[in-house]
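Please open the model in a viewer and keep the selection panel at hand. The stops below are to be taken in order.

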Amino acid sequence: MNVNSNKYTFIFAIVMVVVVATALAFAATSLAERQGINHRAEKMQDILNAIGLKTVEQDGEEVFLSRDLAEINYEKYIVEELSLRSDGSVDESVKAFDVNLGQELKKPVEEQVFPLYIAEMNDERYYIIPLYGSGLWDAIWGYISLKEDVNTIGGAIFDHKGETAGLGAEITKDWFQDSFKDEKILDKEGNLVGISVVKGYTGGNDKDDHAVDGISGSTLTANGVEDMIQERLKHYIPYFNENTDVKIEYSSN
Amino acid sequence: MIKENKNIKSNSDKMEEVNTNTSAKMTKEEAEQNGMILFVSKSEEKEGLFSAANRRLLTDPLNGDNPITVQILGICSALAVTVQLEPAIVMSLAVIFVMAMSSFSISLMRNIIPSRIRIIVQLVVIAALVALIDEFLEAFAYDVSKQLSIFVGLIITNCIVMGRLEAFAMSKPPYKSLLDGIGNGAGYGLILVIVAFIRELFGSGKLMGYEILGKQAVDPADSTGLYALGYVDNGMMLLAPMALIVIGILIWLQRTKYTDLIEEDA
């Protein structure tokens with residue numbers, strides 16, 4: 001058999017493509033359900049992490065909030081899931097948990113749905129807002145929670161698709177995420193200022209300056225985090241002004 | 001390919017020193033190294049699983065035939081994943097695995113691949129393997145899959161994998177290709193880990209995320225360890241150019257020690 005004839009080359013290419021495509025398609029569809037369970041549990045885990053719940057009590061012991069424990073605790077702490085329109089009204093027809101933010105962002109703002117999760121933990125109310133934006137290479141996302149005053153951040157978590165390992169990918173680390181806790185998103189007049197991620201931050205533990213320490217070598221990812229928080233939060237302001245008790249308290253003056 | 005021929009020459013030189021008394025073995029190995037044997041020959045079937053030649057397939061890429069410092073393959077991913085030790089180790093293990101698997105499968109198929117589309121076939125095999133593994137990990141070992149997700153693209157486009165398939169697996173029997181894949185993956189991983197060690201230590205004062213040089217606080221008075229003495233991390237180490245410079249220094253050191261690696265000026 002002449003393996004270099006035109007006929008053989010064409011047949012080989014066709015057979016190879018069909019075999020590989022079938023194998024991949026089979027693997028993707030047969031594993032989709034299991035992968036879906038993992039994704040769902042991870043989303044619940046992320047939402048709970050955003051209110052600072054990283055360990056839970058299980059049989060009298062403090063254990064890490066694993067994906068297996070996510071669903072039970074999600075039911076326990078999340079009291080409401082809302083889908084908001086851009087004017088702040090609630091859209092009952094959409095289930096907030098199933099909203100794919102990446103898809104949603106491609107639509108014009110008036111048609112987008114803004115999911116909001118409300119949690120109650122230790123008699124405190126948290127508003128959890130999903131975030132989605134772009135980093136340096138690919139998508140970044142996360143969840144940020146606001147305390148009852150809708151000004152102070154209760155916690156934040158970030159994740160990414162393809163940021164540089166050791167640089168941009170550091171946004172997933174605890175030290176970076178923890179620095180958002182207790183920062184304020186509104187200025188004294190009540191305007192949304194968001195949080196800046198600053199290179200060479202010298203503010204120490206100042207929680208009223210709307211800024212956190214950045215990561216050396218990942219300015220563009222940090223800008224992505226900054227823009228994502230600013231862009232997402234502004235759509236929730238109409239709802240918060242209508243339905244919640246926005247309080248602006250600054251310790252310094 | 002020129003590079004590869006040169007290495008074969010230097011390998012057979014070395015072999016002469018090793019096997020001076022077994023002349024029969026010599027000729028067999030010389031034939032195997034210089035002539036491209038397409039099918040498993042009788043003498044090879046008899047060859048032990050861990051014969052000297054097979055062991056060299058594993059050990060040569062660690063030093064004298066290192067894919068990064070000697071063959072100059074896979075530099076791009078060496079820049080991307082060497083800021084910290086941990087991702088470098090994960091990437092190394094993933095590349096060893098993918099190289100072993102793809103070398104083995106390409107070698108099995110080597111006699112039926114039409115030569116005009118062989119590069120595409122190699123790429124399809126690598127990409128299909130990586131994609132399949134990624135799907136399985138996402139379903140059964142989700143945390144590993146999350147760790148690896150950013151490396152998937154880097155592995156598929158890694159020139160080491162294709163370079164070794166083209167230079168070795170396309171013309172050698174499966175078992176030898178498997179060993180060559182593992183050896184070259186390990187040689188690549190070795191350099192990756194060395195570079196990552198240097199970059200993480202001097203760039204962020206940590207190893208595997210542990211602050212071994214002390215803790216650097218925002219307020220200098222709160223710092224501990226070396227930082228309390230006024231030590232500052234070298235931020236340059238975190239940027240890609242320093243990976244190239246570190247690899248350059250490694251190549252320099254290696255060639256100072258092993259002068260036979262130095263090419264003659266044309």
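A salt bridge is taken here as a side-chain nitrogen of Lys or Arg within 4 Å of a carboxyl oxygen of Asp or Glu. The model on display is predicted.

**Stop 1: salt bridges**

Begin by selecting A:K161 and A:D138, whose side chains form a salt bridge with an N to O distance of 3.8 Å. This pair links distant parts of the chain, 23 residues apart: A:K161 belongs to the loop between β7 and α4 of chain A, and A:D138 to the loop between β5 (124-134) and β6 (139-146) of chain A. A:K161 is partly exposed, at a relative accessible area of 49%. A:D138 is likewise partly exposed, at 32% relative accessibility. Add A:E80, A:E120 and A:R125 to the selection; salt bridges that share partners join these residues into one network.

Move next to A:K54 and A:D174, where a salt bridge is found at 3.5 Å, N to O. Which parts of the chain does this pair link? A:K54 lies in the loop between α1 and β1 (55-58) of chain A, while A:D174 lies in helix α4 of chain A, 120 residues apart. A:K54 has a relative accessible area of 27% and is partly exposed. A:D174, with a relative accessible area of 45%, is partly exposed as well.

The third pair to display is A:E71 with A:R40, a salt bridge between side chains at 3.8 Å, N to O. Because A:E71 sits in helix α2 (residues 67-77) of chain A and A:R40 in helix α1 of chain A, the pair ties together parts that are 31 residues apart in sequence. A:E71 counts as partly exposed at 40% relative accessibility, and A:R40 counts as partly exposed at 37%. Over all chains, the structure holds 13 salt bridges.

**Stop 2: helix α5 of chain A**

Select residues 219-234 of chain A, which form helix α5. At 1.5 Å a residue, these 16 residues should span 22 Å, and the end C-alpha atoms are 23 Å apart, which agrees. Which residues of this helix are buried? In α5(A), the buried residues are A:T221, A:A222, A:G224, A:V225, A:M228, A:I229, A:R232 and A:L233. They cover an arc of only 150° around the axis, and therefore lie on the same side of α5(A). An α-helix has 3.6 residues a turn, so residues three or four places apart point the same way.

**Stop 3: the interface of chain A and chain B**

Display both chains and select the residues in contact: 37 residues of chain A meet 30 residues of chain B. About 2700 Å² of area is buried between chain A and chain B, with carbon and sulfur atoms giving 63% of that area. How many salt bridges does the rule find across the interface of chain A and chain B? The rule finds 0 salt bridges there, whereas it finds 11 residue pairs in polar contact, both residues being at pLDDT 80 or more. On the side of chain A that touches chain B, the elements that give two or more residues are α1 (6-50) and β7 (153-160) of chain A. The largest share of that side, 17 residues, comes from α1(A).

Then centre the view on A:E170, in the loop between β7 and α4 (174-178) of chain A. Is A:E170 buried or exposed? At 8% relative accessibility, A:E170 counts as buried, the cut-off for buried being under 20%. Not counting residues up to four places away in sequence, A:E170 touches A:W175, A:F176, A:I215 and, in the other chain, B:Q84.

**Stop 4: chain B**

Finally, hide chain A and colour chain B by secondary structure: there are 12 helices and 0 strands. Of the 266 residues in chain B, buried residues make up 47%. Among contacts in chain B between residues at least 6 apart in sequence, 73% join residues at least 24 apart.

The last residue to select is B:V195, in helix α11 (residues 174-204) of chain B. B:V195 has a relative accessible area of 1% and is buried. Leaving aside neighbours within four places in sequence, B:V195 is in contact with B:T82, B:A243, B:V246, B:I247 and B:L250. For B:V195 and B:A243, a C-alpha to C-alpha distance of 6.8 Å accompanies a sequence separation of 48 residues.

Methods. Residues are numbered from 1 along each chain as its sequence is written. Chains are lettered from A and ligands numbered from 1 in the order in which they are written. This is a predicted model: local features need pLDDT of at least 70, side-chain atom pairs count only at pLDDT 80 or more; totals for chains, interfaces and linings use all residues. Side-chain values use heavy atoms; hydrogens and water are left out. Helices (H or I, at least four residues) and strands (E, at least two) are DSSP runs, numbered from the N terminus. The expected span of a helix is 1.5 Å times one less than its number of residues. Buried means under 20% relative accessible area, exposed over 50%, partly exposed in between (1.4 Å probe, protein chains only). The arc is that of the directions from the helix axis to the C-beta atoms. Contact means heavy atoms within 4.5 Å. Buried area is the accessible area (1.4 Å probe) that two parts lose on being put together, summed over both. A polar contact is a pair of N or O atoms within 3.5 Å; within protein, one must be able to donate a hydrogen and the other to accept it, and residues adjacent in sequence count only if both atoms are side-chain atoms.
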